[in-house]
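Student: Could we go through this structure together, step by step, with the reasoning behind each value?

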Amino acid sequence: MMEGETIAGRRVLFVMAVDAEYGPHLRARFTPLLTGVGPVEAGIAMGAALQALAARDTLPDLVVSLGSAGSRRCPLGEIFQIASVSWRDMDATRLGFPKGVTPMTDHPVDIPLTTPLPLPLARLSTGANVVGGEEYAGIDADMVDMESFAVARACARYDVPLMGLRGVSDGPGELDHINSWMELLGLIDERLAQAVDLLPEALASLDG
């Protein structure tokens with residue numbers, strides 16, 4: 001079972017969706033839990049990992065979810081720290097629940113995340129669809145991905161803080177092939193690694 005990394009005296013578990021986002025710069029820094037694509041796969045993998053760690057009394061002090069995201073507002077190739085995450089698929093408004101809130105649960109529409117790094121902030125929306133073109137107009141968030149909300153809910157179940165880092169891989173214009181998504185992953189890998197390098201000082205300062 002993956003125990004994560006020790007940074008500034010804290011157990012940190014890094015989480016990513018797929019190997020394609022895990023380039024050489026990130027590989028030199030940590031070994032992540034790879035969840036697979038989409039909220040279902042992410043929820044299963046994250047929940048199982050945290051349950052196994054809890055059984056061994058080795059839950060992480062922090063989970064860091066990172067990878068790529070789409071955006072029509074944020075510049076391509078730039079890295080953002082996630083201020084909050086929502087779930088665009090959930091719509092139980094016919095039952096009287098706000099859009100984005102799961103019935104019979106206590107989570108808000110936007111779940112706030114931990115933001116210890118000196119990086120620009122963005123609101124993230126998770127869903128099971130690949131967003132492109134004019135679909136962005138109907139989404140109340142700065143960025144979109146397919147896993148972070150599921151990871152956040154699993155972390156909440158075990159009372160583990162979550163932070164998110166996302167690099168913008170696509171957004172302006174239409175995303176029409178997997179190659180369009182992969183084009184900037186090398187640059188995002190390098191810049192995400194630079195963001196990860198800020199963690200030791202940021203986490204150490206929390207003790208002060």
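The exchange below covers the whole chain, a pair of helices and a few single residues.

Tutor: This is a predicted model, in which local features need pLDDT of at least 70, side-chain atom pairs count only at pLDDT 80 or more, and totals for chains, interfaces and linings use all residues. Residues are numbered from 1 along each chain as its sequence is written, and side-chain values use heavy atoms, with hydrogens and water left out.

Student: What percentage of the 208 residues of the protein count as buried?

Tutor: Buried means under 20% relative accessible area, exposed over 50%, and partly exposed in between, with a 1.4 Å probe and protein chains only. The secondary structure comes to six helices and nine strands, taken as DSSP runs (helices H or I, at least four residues; strands E, at least two) and numbered from the N terminus. Of the 208 residues, the share that counts as buried is 50%.

Student: At what angle do the axes of α2 and α3 cross?

Tutor: Two packed helices are described by the angle between their axes and the distance between the axes. Axes are lines fitted to C-alpha atoms, for helices over the stretch in contact, with angles running from 0 to 180 degrees between N-to-C directions. The axes of α2 and helix α3 (residues 148–157) come within 8 Å, and their crossing angle is roughly 25 degrees. Angles under 35 degrees count as roughly parallel, over 145 as roughly antiparallel, 65 to 115 as roughly perpendicular and the rest as oblique, which makes α2, relative to α3, roughly parallel.

Student: Which residues in α3 are met by residues of α2?

Tutor: Contact means heavy atoms within 4.5 Å. From α2, the residues P39, A42, G43, M46, G47 and L50 take part, and their partners in α3 are A150, V151, A154 and C155.

Student: Why is α3 described as largely enclosed by the rest of the structure?

Tutor: The buried residues of α3 are S148, F149, A150, V151, A152, A154 and C155. One of them, C155, counts as buried at 1% relative accessibility. The helix is therefore largely enclosed, because the buried residues among its ten number seven.

Student: Is V40 buried or exposed?

Tutor: V40 lies in helix α2 (residues 39–55), and its C-alpha atom is separated by 9.9 Å from that of G127, 87 residues apart along the chain. Because its relative accessibility is 57%, V40 counts as exposed.
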